Amino acid sequence: MNRFRIFLSSAIFSYRAQFSWLNPSMWLTMKFVLSLSQMAFFVFIGRFIQGPPVIPFIAIGNALQTLSWNTVFSVINITSHDKWDGTLPLVLATPASRLPLFMGRAMIHVLDGMLSVAISFVFAAFLFGVDFRNANALALTVTVLLTAFTMAGFGLLIGGLSFYFREPLIFANIFLFTLLIFCGVNFPVDDLPELIRPVSYIFPLTYGVTATRKAIEGQTLFDISNFLGQQLVVGLISMMLGYLFFRTFEHVARKTGRLEAI
Amino acid sequence: MPQTLRVIYSAFRMAMLHWIADPQWVIPNIIAPFVFTTVALTLFKETTGPFGLYAVLGGGMMGMWGNTLYSSGFAIEFEKWQGTLEEVMAAPSKLLHVITGRAVSNALFGLTNMVAVLVIAALGFKISLGIADPLLFAVSLVLTLLSVSALGLIFASAFVLSRSAQTLTNGLEIPLYLISGSMFPIALLPFWVHPAAYVLGPTWGIDAIRLATSQEYISQTFWAGVDPKIAIAFDLAVMFLITSVYAAIATVLFKMVEKRARTTGTLVEA
């Protein structure tokens, strides 16, 4: 029960904390303006180069990628603000169990990320003509949920790693946008040079994007289960590594007394 | 050197020194344009014609945009964080001139993105980077840089005058890339978006830059059917007019900022 309470309070606090840098109007801007403009930008490029048939591919990819703003950018930013706001010593001084404390930091962002995807799907359907009539609702919902969850794990990994660096925000920017190159959001992963293609498969989003397109085509949960299984494995590994970084950082900080200097 | 230019140059130099001292901040400002261009180049890979250079030039433009939006938008905030805003305000130099120097340096730093994109395009995507008219290209680039800087001045003052300007600054980056047609012809956008594109100076700037690079683009511009050199002259003239309007708006806004700072004494706390 105590662990659940820690998990819950960590989740709520970390979500509320983001509103110190993200006021409600900016939150709404990110939800509606950013998601629409990013999708439209790539849709128009795709249309210019390859013609209308490429529109659904790009619109769906970008719709799913919007959850990265929540699960990657916001989650990494928690680390950044812990440092700048001076709350890091308090977090590390608390006797609370570390695992629920660590996991809780990302969890409401999972729900927020799913909301972003839902809004983007509406844009994709009504503005860019993506056909959802054959979509398998169960497969699509599970895919979006799992993608948000595993990407939050990836956010925790980068957040944990960036404890060691002065500006976690820079990591947030780099990883948020490189997902657009590696995860098959705007073009198939096979279009990447062979040398860098394996990098795609360390990001849970790559599996999520493929599974989402298939679920919208009408494939069932069973049909896409191999993608979801691989995604879950990658996501859990990310989460575990992130937790390892978090604990290692804590250990180093206690040992050297350089809690915020790293 | 006239006093105004001396102030602008000093602010420009200080901004450059800040960037050199803490270059990590270049990354968030240019990462989006850089990634967007790489994505576009990958999409352009299978096509023929001058599309590759279209993406490269658009990416460079976006680099200037991105850097100007963020850095100029935060120019006064930056002085506040450093604790130097009081000194800047108390100095006999105008705040507008100080921030102008900073805005020009920001746009110039945005060009680092263009260099990075050119290198990637040439080495990774084997895109030919020939420029038909290097002189017109250079002139168009410098004037576009000044136009972006002038827009940056408006953002810098708006940020101080309105709390919601922060939202505007953060939310404007990708919409501006979209509206200004940095990566595709504006004609593809819905008709009702066109007026918004045409009041942006850099929209005309990127048009002139593209035409100076290759005359093949003339069919995709506002001036389709006109001689390319005359079209460039039209582009630059329209951009000059728009930039003058930006400068006038920025002057008025900065006067409001200075007046508010001196009457309320709350600028630093705002």
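Among the contacts in chain B that link residues at least 6 apart in sequence, 80% join residues at least 24 apart, two residues being in contact if their C-beta atoms, placed from the backbone, lie within 7 Å. The model is predicted, and local features therein need pLDDT of at least 70, side-chain atom pairs count only at pLDDT 80 or more, and totals for chains, interfaces and linings use all residues. Residues are numbered from 1 along each chain as its sequence is written, while chains are lettered from A and ligands numbered from 1 in the order in which they are written.

The model scores ipTM 0.82 and pTM 0.86. In terms of pLDDT (the predictor's confidence in each residue, from 0 to 100), chain A has a mean of 86, with 95% of its residues at 70 or more, and chain B averages 81, with 88% of the residues scoring at least 70. Among the elements of chain A, the lowest mean pLDDT, 78, belongs to helix α5 (residues 88-93), and the highest, 96, to α9(A); in chain B, the corresponding extremes are helix α4 (residues 75-82), at a mean of 73, and helix α9 (residues 194-198), at 92. Where pLDDT is low, the predicted coordinates should not be read in detail.

The secondary structure of chain B comprises 11 helices and zero strands, where helices (H or I, at least four residues) and strands (E, at least two) are DSSP runs numbered from the N terminus. Of the 270 residues in chain B, 48% are buried, a residue being buried if 20 or more other C-beta atoms lie within 10 Å of its own, exposed if 12 or fewer, and partly exposed in between, with C-beta atoms placed from the backbone.

Between the two chains, 28 residues of chain B are in contact with 30 residues of chain A. On the side of chain B that touches chain A, α2 (26-44) and α8 (165-179) of chain B each supply at least two residues, and the largest share, 11 residues, comes from α2(B). The residues of this side divide into 19 nonpolar, nine polar and no charged, with Ala, Val, Leu, Ile, Met, Phe, Trp, Tyr, Cys and Pro counted as nonpolar, Asp, Glu, Lys and Arg as charged, and the others, Gly among them, as polar. M183(B), in the loop between α8 and α9 of chain B, is buried, with 28 other C-beta atoms within 10 Å. Leaving aside neighbours within four places in sequence, M183(B) is in contact with I45(A) as well as with A40(B), A55(B) and G58(B).

The largest nonpolar core has 162 residues, and those with the most contacts inside it are A59(A) and V72(A); such a core is a set of buried Ala, Val, Leu, Ile, Met, Phe, Trp, Tyr and Cys residues joined through C-beta atoms within 7 Å. Beyond its neighbours within four places in sequence, A59(A) is in contact with M39(A), V43(A), A124(A), F128(A) and V130(A).

In chain A, the 31 residues of helix α6 (residues 98-128) should span 45 Å at 1.5 Å a residue, and the end C-alpha atoms are 45 Å apart, which agrees; the expected span is 1.5 Å times one less than the number of residues. α6(A) nevertheless bends by about 30° at G104(A), the bend being the angle between axes fitted to the seven residues ending there and the seven starting there. Just after α6(A), G129(A) takes a positive phi of about 65°.

Helix α9 (residues 204-217) of chain A has 14 residues and reaches 20 Å from its first C-alpha to its last, close to the 20 Å expected. Because 11 of these 14 residues are buried, α9(A) is largely enclosed by the rest of the structure. The buried residues of α9(A) pack against α3 (55-65), α4 (67-84), α7, α8 (168-182) and α10 (225-256) of chain A. α9(A) is followed by G218(A), whose phi is positive, near 115°.

V144(A), found in helix α7 (residues 137-161) of chain A, counts as buried with 24 C-beta neighbours inside 10 Å. Not counting residues up to four places away in sequence, V144(A) touches M114(A), V117(A) and T212(A), the last of which is one of the buried residues of α9(A). L67(A), in helix α4 of chain A, is likewise buried, with 27 C-beta neighbours inside 10 Å. With neighbours within four places in sequence left aside, the contacts of L67(A) are G113(A), M114(A), S116(A), V117(A), T147(A), A148(A) and M151(A).
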